[in-house]
Amino acid sequence: MQFTSAIVENAVDALSGFPGIGRRTALRLVMHLMNRPEAEVVRLADAVLKLKTELQLCSICGNVSDSGLCTVCANPMRNQKQICVVEDFSDQMAIEATSQYGGVYHVLGGLISPMDGVGPEELNISTLISRAAQEGTDEIIMAFSATVEGDTTMFYLARKLRDMPVKITCISRGISVGGEIEYADEITLGRSLANRTEYKV
Amino acid sequence: MHLQRLQLFSFKNHTEAHFAFCSQLNCITGPNGSGKTNVLDAVYYLANAKSYFNPADSQIMQHGSSFFSVHGWFADGDKEDEILATFTDKGKKTLKKNDKTYNRLADHIGMIQTVFITPYDISLVLEGSEERRRFMDFTLCQTNREYLEVLSTYKRILEHRNSFLKKMEGRNPDPDIMDSYDSRLVPAANRIFGWRQDFISEFQPWFQEYYGWLCQTTETVALDYESELITEAYSDILRRNLDRDRVLQRTSSGIHKDDLVFSLQGQPLKKFGSQGQIKSFVIALKLAQYRYFLEKTGHKPILLLDDIFEKIDALRAGKLMELVARDFFGQIIITDTHAERVKNHLKSLDTEQVFFELGG
């Protein structure tokens with residue numbers, strides 16, 4: 001791509017570094033931005049900048065927040081005795097979207113994955129342990145992806161928490177809703193069988 | 001199950017090639033470099049979604065081409081299955097069965113069994129233990145779905161455990177993380193170990209029978225499965241070797257170190273076997289593999305015989321063909337440089353025969 005303007009080229013270079021964005025798409029975005037009113041572009045720039053200058057992590061759970069305390073931890077209606085541990089805030093949002101959960105969260109900021117250079121010391125684990133030790137905490141729910149990294153982290157946390165007077169649970173894994181048994185892979189199906197639950201009517 | 005038709009595009013030296021095979025003996029003849037072995041490899045590719053010789057698909061693609069494809073039509077009684085494997089220069093590999101794309105290539109493994117006998121097989125004897133483990137794994141994966149799953153789980157966890165040891169750079173690893181890996185590694189290793197043990201005890205008598213037949217000899221040959229897990233529980237081994245693993249920064253014990261020891265008259269084959277004995281040994285291994293597939297699945301695999309008459313003497317070749325006629329009447333595809341020689345070997349066999357001549 002040959003540019004007649006270094007300003008345009010810089011913008012394209014910056015955008016093409018985004019995940020899933022190539023140079024052609026970056027150019028489309030740049031052209032779109034050039035055609036928008038200045039106020040709108042300033043708002044966008046401001047929104048991007050604030051991600052770095054104003055965004056904080058919640059001092060309790062490690063989730064993203066504006067004021068040092070996230071909206072979940074600040075909400076008196078949430079059950080503070082139940083803590084759901086998740087990998088990152090997008091997983092937290094996925095669980096929140098189920099509307100099935102009334103407790104609070106704890107965001108680790110990753111999973112134990114030595115191949116990516118992430119060990120337990122890189123994760124938000126020590127605050128979880130002190131939260132678990134706090135009086136009034138009843139249950140720690142581990143909600144991780146069903147991967148080697150997720151299983152490793154789950155085992156590690158369960159070990160670290162095993163002497164605490166809290167109940168430790170993990171989300172169940174099995175057949176997805178609307179899924180058919182004949183198309184489920186053997187491992188998932190085997191796990192569903194092993195972790196079957198009593199059916200009551 | 002047999003291959004009725006095969007169509008190749010840009011597959012190694014075949015820009016475009018079509019073959020209509022019969023359900024019994026098929027012979028491909030032609031000079032060196034005419035691509036005989038590549039046709040066998042294409043059949044192997046349809047069954048296993050990879051080449052027998054080239055681990056990288058990009059090396060299979062004809063130079064200057066943007067893709068290659070292998071297309072095969074298989075028949076099993078009245079049932080017909082069409083398998084299409086394609087690879088593009090973008091690195092995308094797809095495998096379709098009856099126009100439906102497989103989500104995972106592994107789901108295809110085991111549908112079509114092949115036994116490939118080639119002169120390169122002596123690497124089983126001459127090379128390191130990895131070749132022999134691969135032979136065991138390949139044979140087991142074809143007949144036991146779970147084996148493939150458990151083995152890949154084992155390898156994945158092992159990779160994590162090794163990176164963790166590397167990350168620690170020789171420092172003491174957190175025992176809770178080590179236990180997290182070991183608690184999943186141990187049951188996977190135990191299952192693989194058990195399967196391999198059962199496999200060898202079932203496989204061994206067939207192997208010995210075929211070796212005796214091929215060589216018309218009473219020499220004793222044996223396969224011994226060698227694994228640290230035979231004498232000690234894997235969990236104990238891991239615990240005992242923790243210090244060593246910490247220093248080496250990798251997992252030094254486990255089923256990824258297993259071996260299969262080949263012996264002749266109680267002596268190591270690699271050291272004491274003659275060239276002829278080594279060749280017969282690997283052919284007997286492959287014939288036993290054929291028998292194993294047959295017994296486990298009830299179907300005759302496709303037998304791919306690459307340049308077989310060139311590499312073994314007339315007596316053994318004669319015995320091999322006799323055996324093939326007696327026990328192995330599935331589909332066979334043979335390659336040879338000399339059309340006359342192969343016709344001579346096959347003329348006494350009362351079977352359907354089709355000949356293909358490849359140009360130089």
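Colleague: Why is B:Thr29 called buried?
Modeller: Let's put its value next to the cut-off. In this predicted model, B:Thr29 has a relative accessible area of 2%. Buried means under 20%, so B:Thr29 earns the word.

Colleague: And where does B:Thr29 sit, and what does it touch?
Modeller: You'll find it in strand S3 of chain B, residues 25-29. Leaving out residues up to four places away in sequence, B:Thr29 touches several others, among them B:Lys36, B:His338, B:Val342 and B:Phe356.

Colleague: OK, what about B:Asp307: is it buried or exposed?
Modeller: Buried. Its relative accessible area is 15%, and the cut-off is under 20%, so B:Asp307 passes. It belongs to the loop between strand S12 (302-306) and helix H10 (308-311) of chain B.

Colleague: What makes the phi of B:Asp307 worth pointing out?
Modeller: Its sign. Most residues other than glycine have a negative phi. B:Asp307 is not glycine, yet its phi is positive, near 55 degrees.

Colleague: Which residue just after H4(B) also takes a positive phi?
Modeller: That's B:Glu169, with a phi of about 50 degrees, and it isn't a glycine either. B:Glu169 lies in the loop between H4 and H5 of chain B.

Colleague: Why is B:Glu169 called exposed?
Modeller: Exposed means over 50% relative accessible area. B:Glu169 comes in at 59%, so exposed is the right word.

Colleague: Now H4(B) itself. How do you know that its span agrees with its number of residues?
Modeller: Count 1.5 Å a residue, and the 24 residues of H4(B) should span 34 Å. The C-alpha atoms at its ends are 36 Å apart, so the two agree.

Colleague: What happens at the start of H4(B)?
Modeller: There, a side-chain oxygen of B:Asn144 comes within 3.1 Å of the backbone nitrogen of B:Glu146. The cut-off for a polar contact is 3.5 Å, and 3.1 Å is inside that.

Colleague: B:Arg145 is in H4 of chain B too. What makes B:Arg145 and B:Asp107 a salt bridge?
Modeller: Their side chains meet at 3.7 Å, N to O. The limit is within 4 Å, so the pair counts. The partners come from distant parts of the chain: B:Arg145 is in helix H4, while B:Asp107 is in the loop between strand S7 (100-101) and strand S8 (114-117), 38 residues apart.

Colleague: Why are B:Arg145 and B:Asp107 called partly exposed?
Modeller: The partly exposed class lies between under 20% and over 50%. B:Arg145 is at 33% and B:Asp107 at 32%, so both land in that class.

Colleague: B:Asp243 and B:Arg246 are three residues apart in helix H7 of chain B. How far apart is that in helical turns?
Modeller: About one turn. An α-helix has 3.6 residues a turn, so residues three or four places apart point the same way. The side chains of B:Asp243 and B:Arg246 meet in a salt bridge at 3.2 Å, N to O, which is within the 4 Å limit.

Colleague: Let's turn to the two chains. How many residues of chain B are in contact with chain A?
Modeller: 18 residues of chain B, and they meet 20 residues of chain A. Together the chains bury about 1,600 Å², 61% of it on carbon and sulfur atoms. B:His160, B:Lys167 and B:Asp176 supply 35% of what chain B buries there, more than any other three residues.

Colleague: What makes A:Lys160 and B:Asp174 a salt bridge?
Modeller: They sit at 3.6 Å, N to O, and the limit is within 4 Å. It's one of six salt bridges between chain B and chain A. A:Lys160 and B:Asp174 also belong to a network of salt bridges with A:Arg159, B:Asp176 and B:Asp179. Between the chains there are also eight residue pairs in polar contact, both at pLDDT 80 or more.

Colleague: Which helix gives the most to the side of chain B that touches chain A?
Modeller: Helix H4 (145-168) and helix H5 (175-215) each supply at least two residues, but H4(B) gives the most, with nine. By class, that side of chain B has five nonpolar, four polar and nine charged residues.

Terms used
Residues are numbered from 1 along each chain as its sequence is written. Chains are lettered from A and ligands numbered from 1 in the order in which they are written. This is a predicted model: local features need pLDDT of at least 70, side-chain atom pairs count only at pLDDT 80 or more; totals for chains, interfaces and linings use all residues. Side-chain values use heavy atoms; hydrogens and water are left out. Contact means heavy atoms within 4.5 Å. Buried area is the accessible area (1.4 Å probe) that two parts lose on being put together, summed over both. A polar contact is a pair of N or O atoms within 3.5 Å; within protein, one must be able to donate a hydrogen and the other to accept it, and residues adjacent in sequence count only if both atoms are side-chain atoms. Helices (H or I, at least four residues) and strands (E, at least two) are DSSP runs, numbered from the N terminus. Ala, Val, Leu, Ile, Met, Phe, Trp, Tyr, Cys and Pro count as nonpolar, Asp, Glu, Lys and Arg as charged, and the others, Gly among them, as polar. The expected span of a helix is 1.5 Å times one less than its number of residues. Buried means under 20% relative accessible area, exposed over 50%, partly exposed in between (1.4 Å probe, protein chains only).
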